Amino acid sequence: MNLRLYDTMAREKRPFAPADPRRVTMYVCGPTVYGFAHIGNARPVVVFDVLFRLLRQIYGENAVVYARNVTDVDDKINAKAADEGVDISVITERYLAAYHEDMGALGALRPTLEPRATAHIEAMQQQIAGLIQQGHAYAAEGHVLFDTQSYENYGKLSGRPLDEMIAGARVEVAPYKRHPADFVLWKPSKPGEPVWESPWGPGRPGWHIECSAMIESELGLPIDIHGGGIDLIFPHHENELAQGVCAHGGGEFARLWMHNGFLDMAGEKMSKSLGNVVIPHDLLQRVPGEVLRWALLSAHYRQPLDWTEGLIEQSRSSLDRLYGALQRVKGIAAERTDPPAAFLEALTDDLNTPRATAELFALAKALETAHGEAEKARLKGELLAAANLLGFLTADPDVWFAGAADEGLRAQVEALLEQRVEARNAKDWPTADRIREQLDGLGVIVMDGPQGATWRLKEPA
Ligand code: AMP
Ligand code: ZN
């Protein structure tokens, strides 16, 4: 299979070839756990989950090592802990558990490794010491800073030359910095903040060093793929790269860089600081995780994606169509097969999920119009294999359509649907209409198809 991926560094799509196909490594910057993730934060999770699944399909389930870090030391965590008068671990454990629950509901597999910043302080200190030793960092006033002028390729990933960064330095530059773009590797803790001993005085690590140190200690250099949202290209990934390369006197850090576009609301990036956030933890109360996942994959991952109620509804009806096709061949056992070539071609073309989902519809249509059990069994198998690879069609169609209906309601609906069939067969339209109204009163949407009616519950208002 020819996997091609867009590399932010090369600024073009490139054939993907791991350094060692028996151990493919991927690192994606993970959450800072101080609150519920918003649906924008879920975009990289779902996008890189698709890539993780695809790599496992290509190289084998055990050949892919995917690490996603947990930032569990940070100003916002400290502020939240102080606010509630609890230890920071109370905050980080609470929101990490919620993160796992919510991202799991969106169908994201757990990464192979989830290293935590606080468990890697020693690795960070070692990398900082290495940077000082190699002449790429300096200690000043309890801080350690990366010397950006010491690394000629600084700015290459984001395409920002160092000279421009002087002009771009809007905030007042700290007096101990040799260059405005120099960034913190270690800093003194403020009173009440977590603190670790270090050769440069008690303090805590900067944010960027967390990832480069964990990449080195958990995965080893170079890694095959480094990913995250587009906002991380600068400064976070530029700085990670500089640290990762310079700590070892050169060499490769990441062989390919990937970045997802923003999820927007009314044309603006969804972010906590703007206050325009939609939280999956709440949304999942009324919308199935697969619907949210579908919505997140409805645009190509590098394109912006505008989040609306209409998008949720469209995604739901797209999945209803696919589940409907499955429900109508309920009695036929699916053949065990690989996803079809056209679907894989779409996905291996830089994760073209809009084209891949269009292939799912083509398969569903072929299934609906197929003749003979063998043909149906094959197409059902292909549809399931393809959809499952993307994390869709994981539910039983009956359960999908019945939604949150309890046993009693389900039995009542089934009975009414049977009576409706009888009324229609007898051409007793008034009765059929009355039954339909009764179903509507129960909050049930009926969908008539060539092989009978299917149903689902309306969303609660
Ligand atoms: P943060 O917690 O802000 O560091 O974000 C965690 C991840 O979510 C990073 O990979 C960000 O790039 C990504 N991210 C944050 N906001 C958005 C958004 N509105 N759209 C897409 N990705 C986002
Ligand atoms: Zn990172």
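Val47, Val50, Leu297, Ala299, Tyr301, Leu351 and Thr353 line the second largest cavity of this predicted model. The prediction sets the limits: local features need pLDDT of at least 70 and side-chain atom pairs pLDDT 80 or more, while totals for chains, interfaces and linings use all residues. Residues are numbered from 1 along each chain as its sequence is written, chains are lettered from A and ligands numbered from 1 in the order in which they are written, and side-chain values use heavy atoms, without hydrogens and water.

**Overall architecture**
- The chain has 461 residues, of which 52% count as buried (under 20% relative accessible area with a 1.4 Å probe, protein chains only).
- Its secondary structure comprises 16 helices and 15 strands, taken as DSSP runs numbered from the N terminus (H or I, at least four residues, for helices; E, at least two, for strands).
- The C-alpha trace spans about 90 × 50 × 35 Å along its principal axes.

**Cavities**
- Two cavities of 30 Å³ or more are present; a cavity is a set of points on a 1 Å grid over the protein atoms alone where a 1.4 Å probe fits but cannot get out, and lining residues have an atom within 4 Å of a point.
- The second largest has a volume of about 40 Å³, that is, the space filled by probe spheres set on the points.
- Its lining consists of six nonpolar, one polar and no charged residues.

**Zinc site**
- The zinc ion (ligand 2) has the protein donors Cys29 (SG), Cys211 (SG), His236 (NE2) and Glu240 (OE), at 2.0 to 2.3 Å; donors are N, O and S atoms within 2.8 Å of the metal (3.2 Å for Na, K and Ca).
- Cys29, in the loop between β3 (24-28) and α1 (39-59), and Cys211, in helix α6 (residues 207-219), lie 182 residues apart and link distant parts of the chain.
- Both Cys29 and Cys211 are buried.
- The arrangement is irregular because the four donor atoms subtend angles of 78 to 130°, whereas a tetrahedral assignment requires all angles to lie between 85 and 135 degrees.

**Helix α9**
- All eight residues of helix α9 (residues 289-296) are buried, among them Glu290, Arg293 and Trp294.

**A three-stranded sheet**
- An open sheet of mixed pairing has the strand order β12-β11-β13; two strands pair if DSSP finds at least two bridges between them.
- The edge strands, β12 (268-269) and β13 (305-306), each pair on one side only.
- Strand β11 (residues 263-265) runs antiparallel to β12 and is joined to it by two bridges; Met265 has Glu268 of β12 as its bridge partner.

Methods
Buried < 20%, exposed > 50% of the residue type's maximum accessible area, 1.4 Å probe, protein only. Tetrahedral: all angles 85-135°; square planar, octahedral: opposite > 155°, others 65-115°. 1 Å grid on protein atoms, 1.4 Å probe; cavity = no way out; pocket = protein on both sides within 12 Å on 5 of 7 lines; lining within 4 Å. Nonpolar A, V, L, I, M, F, W, Y, C, P; charged D, E, K, R; others polar.
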